[in-house]
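Biologist: I would like to learn how to read a structural model step by step, starting from a single residue and working outwards. Could you take me through it?

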Amino acid sequence: MANLSLKHIYKVYPNGTKAVNDFNMEIADREFIVFVGPSGCGKSTMLRMIAGLEDISAGELSIGDTVVNDVEPKDRDIAMVFQNYALYPHMTVYENIAFGLRVRKLPKEEIHSRVVHAAEILGIKDYLDKKPKEMSGGQRQRVSLGRAIVRDPKVMLLDEPLSNLDAKLRTQMRAEILKLHTQLKTTFIYVTHDQVEAMTMGTRIVVMKGGFVQQIDTPRNLYRYPANKFVAGFIGTPQMNFFDATLTQAGDKAELSFAGGEAVLQLPMEYLRKVRPRYLCGGAVCAGIRAEDISLAPNVVAASPYKVKMQISHVEDLGDESLVYGTVGEARIIVKTTLSHEYRAGDVCEAAFNVKKMHFFDAETEETIAPRLPEVNELACSAHEGKLTLAGAEIALPPALQGAEGEGTLLLPTDAVGFGGDIPAVATDCEQVGEKYLIGLELGGARLFAVSARRIEAGAVKLAIDFKRVTLTVGEFRAEPLPDSIRLAGTFVKKKERRNASGEPSRKKMINFYLDLAGASFPAPENITRKLLSTLSPRAVFSAQFLFEFTPYALTFGEAGIAGEVLSVVDYGAEQFALVRVGEETVPVLCERPISGMVCLVPVLEQAGVCEAKSGIKLL
Amino acid sequence: MEGAKKKKFRSKRRAERTANAVGHIVLAVISVIWVVPYLYLLLQSFRGEPGAYTSYLLPKEFTFENYTKLFTDTKLFNFPQWYLNTFLTALAVCVLQTVIVLATSYALSRLRFRGRKGIMNLLLVLGMFPGFMSMTAVYFVLKEIGLTQSLVGLILIYVASSAMQYYICKGFFDTIPKSLDEAAKIDGASRHTIFFKIILPLAKPIIVYTVLQAFLMPWGEYMFSSLLMLGDQSKFNVANGLRQMLQRENIAEYFTRFCAGAVLVSVPIAALFIWLQKYYVEGVTGGAVKG
């Protein structure tokens, strides 16, 4: 078993540069994970943190079931292959491979049999007596692989192992590393800047940029459903074509007009179901389409209703296919085609877009505007006398939202739509996305999505809406969702006292740790104490400001604690929450009966999240 | 067109030839100036006629007596004793200094600790001051702990400042790729193992350099030796001892013997150099990383 768990991992250098930000990932046993991204994106740093060559600034790294943040590289049971091979030049190939075993003082016969076995697997048995400098690059990298596999590690880490090889050798070694992966039955983590390597090797790929994870998915999903413009442009050759454009809905069509040109496509709304309505009112978007999803073939163009005029600038002939470069309006475009001979530079021809495979991104944030799992449904609605009307369907509003009157919009998070309530609806389709299911629903005349953990068959269903998570804006009335977490500032302090942490008196002076939180002091729970003391320097830990994060369920009323004043009580039917003013924050607290006046809040600190206020680094 | 090209080519060759000729003449003159004193010393050491100075270069009578007398006539000047003193000092300094320099350089090259830059600069600046500035202070300190007129005291002085010579050695360690350390670390090696099994075998040229430097220094060192051993001829080193032969009252009789002694001093150094020379040029990092 060698699964890896990476939780909120950060790498911050002493000068404040953040090389890796909040890296989260669960890696299963025997996976082949590829970290890919342009240089300086933090992929190698992340790998070196897993190897133990770099300290982890914050977060938790586990290999198997052990947290290895403070474990020496040699005790992590990992092996690493370096880009520059890092062979010991004064040793023969045999000694190089055997070094790790000799250091671990294995019996001689065992070392010999293992080295020979590894050499056989890699086809370097004849070179065992040679020195690294007598070998070619490919052979050296094989030795380096041999040195790694001979120890039979739980995790193999490969840091751009093929970058120093020429193109032909690289393809060959790629296949060999994949073969090795199936043979060794161990977890591989592979770093590369080459997206082709990533796509061909990984079972899952982590795309990184500027220290942030952009997307983690299988190669196929990265290609089909890029989460943002960067991933869309990075994965796939030639690069995806991007156009600045605007989207305007008109009935069951949406007009896509390209900036700076007359090119206009009428897209069926069916393809844009997941796009949030606010992008469909003529706003600027970035449209993307891959070179292979555009066709110049006359028969396709003739049959397609989605075509634009393209001026050809030049043609690259690659033998079996060719790349036609040109412009549509002001935008550059690349088309992959098999019928190259008919196109010449300067020609103007028509290109047919396979609009079903188009991608759309926010012009500013560059995030996709049609995610695979939409986060929120944006629905036109009206409210009257405690009833919400959604395209003909009536839903009773909870007391908290009773005041709403008029026309407006409802923002309904897809995971706030549950099944098993009393609102009748029809499930139209069900799509599996990762481990979740996206269910298309018809509620009256409105279409919406729900995210469910289980498959829902098409047909009549009953829905339940979690009203504490919706945003309802009708007329003057505006209801915000209840925050799912609240943050309170606090510090970590130590006191020398003649009693232990649980309050019992003791004869000796003991050091007890407390959390000072919004004017009240609580004994620090063990998990927080351990985490803070282990990740921060002794000087920083008692002077730093922290933000403690709670869900509304992790706060209770008590005799003593954080003082606050109840502003109001909101009633969502099944649950009631008191809005309590603490300092400048308004904190929702679950309450069983209406409450008012001054109260004291006691947080369940064991469940609290902790982050450092200044840097925003999540510690827990 | 072709002719013009040819002409240009020829004139370039001529210019090169002239430059080469001038260069060689200058070098020849410099090397003559450089070699003459050594040649003079060698010839004088075989001179049979007495006296300090002769007006001719080639001795009229060749003899080995100057060499044999150095070892047999030890009543006034105990050359074998000095030779032994110096040899022992050089050996001790050589071992201790090499260890200290290598350890300092490795630490400064590979470890990152607070004050590392400060220490490096401080050592560099301290190394720029001439050693004799601290001479009196060092003498009194050694006198307090009773180490004057002792070889141990002398060795202590020589070795004490060795860390200051980290610079060249650290520069060499910096060229050994860090990924070797990292690979070894992952292979399970401790810092100790990495230093002895990986770094030192790769650092042969610089170890040789350090050894030579350390071994060389005591043979020519005069100042500290004469100060520390003041009055005790049996503790003199060769430089200090041979200087005695050049005193006004001795020079006439002992000048040729002094020359013989000087030639003998160069023997162990030359021997060591010849022995270690092959490591000096051996490029060892080939094949460590992409070549």
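**From one residue to the chain contact**

Modeller: Let us begin with Gln214(A), which has its place in strand S10 (residues 212-217) of chain A; please keep in mind throughout that this is a predicted model.

Biologist: Is Gln214(A) buried or exposed, and why?

Modeller: The general idea is to count neighbours, and a residue with 20 or more other C-beta atoms within 10 Å of its own is called buried. Gln214(A) has 22 C-beta neighbours inside 10 Å and therefore counts as buried.

Biologist: Which residues does Gln214(A) touch, leaving aside those up to four places away in sequence?

Modeller: Gln214(A) touches Val207(A), Met208(A) and Lys209(A), and also Ala227(A), Asn228(A), Phe230(A) and Val231(A). Of these partners, Val231(A) is 17 residues away along the chain, and its C-alpha atom is separated from that of Gln214(A) by 7.0 Å.

Biologist: How should I read a sheet, and what is the strand order in the open sheet of four strands in chain A?

Modeller: One reads the order of the strands, then their pairing, and then the edges. In this open sheet of chain A the order is S37-S36-S35-S38, and the pairing is antiparallel. Strand S37 (585-591) and strand S38 (597-603) of chain A each have a single partner strand, so they stand at the edges with one side left without a neighbour in the sheet. Ignoring direction, neighbouring strands of this sheet are turned against each other by 50 degrees on average.

Biologist: How many bridges join strand S35 and strand S36 of chain A?

Modeller: Strand S35 (residues 555-571) and strand S36 (residues 576-582) of chain A pair in the antiparallel sense over six bridges. As one example, Val566(A) has Val580(A) in S36(A) as its bridge partner.

Biologist: Into which domains is chain A divided?

Modeller: The assignment gives domain 1 (4-231), domain 2 (238-362), domain 3 (376-479) and domain 4 (486-612). Between domain 2 and domain 3 of chain A, the C-alpha centres lie 35 Å apart.

Biologist: How many residues does each chain bring to the contact between chain A and chain B?

Modeller: Interface size is often given as the accessible area lost when the parts come together, but here we can look at residues. The contact takes 24 residues from chain A and 22 residues from chain B. Strand S6 (78-81) and helix H2 (93-103) of chain A each supply at least two residues of the side that touches chain B. The residues on that side of chain A divide into 15 nonpolar, five polar and four charged.

Conventions:
Residues are numbered from 1 along each chain as its sequence is written. Chains are lettered from A and ligands numbered from 1 in the order in which they are written. This is a predicted model: local features need pLDDT of at least 70, side-chain atom pairs count only at pLDDT 80 or more; totals for chains, interfaces and linings use all residues. Two residues are in contact if their C-beta atoms, placed from the backbone, lie within 7 Å. Ala, Val, Leu, Ile, Met, Phe, Trp, Tyr, Cys and Pro count as nonpolar, Asp, Glu, Lys and Arg as charged, and the others, Gly among them, as polar. Domain bounds come from an automatic or database domain assignment. A residue is buried if 20 or more other C-beta atoms lie within 10 Å of its own, exposed if 12 or fewer, and partly exposed in between; C-beta atoms are placed from the backbone. Two strands pair if DSSP finds at least two bridges between them. Axes are lines fitted to C-alpha atoms, for helices over the stretch in contact, and angles run from 0 to 180 degrees between N-to-C directions.
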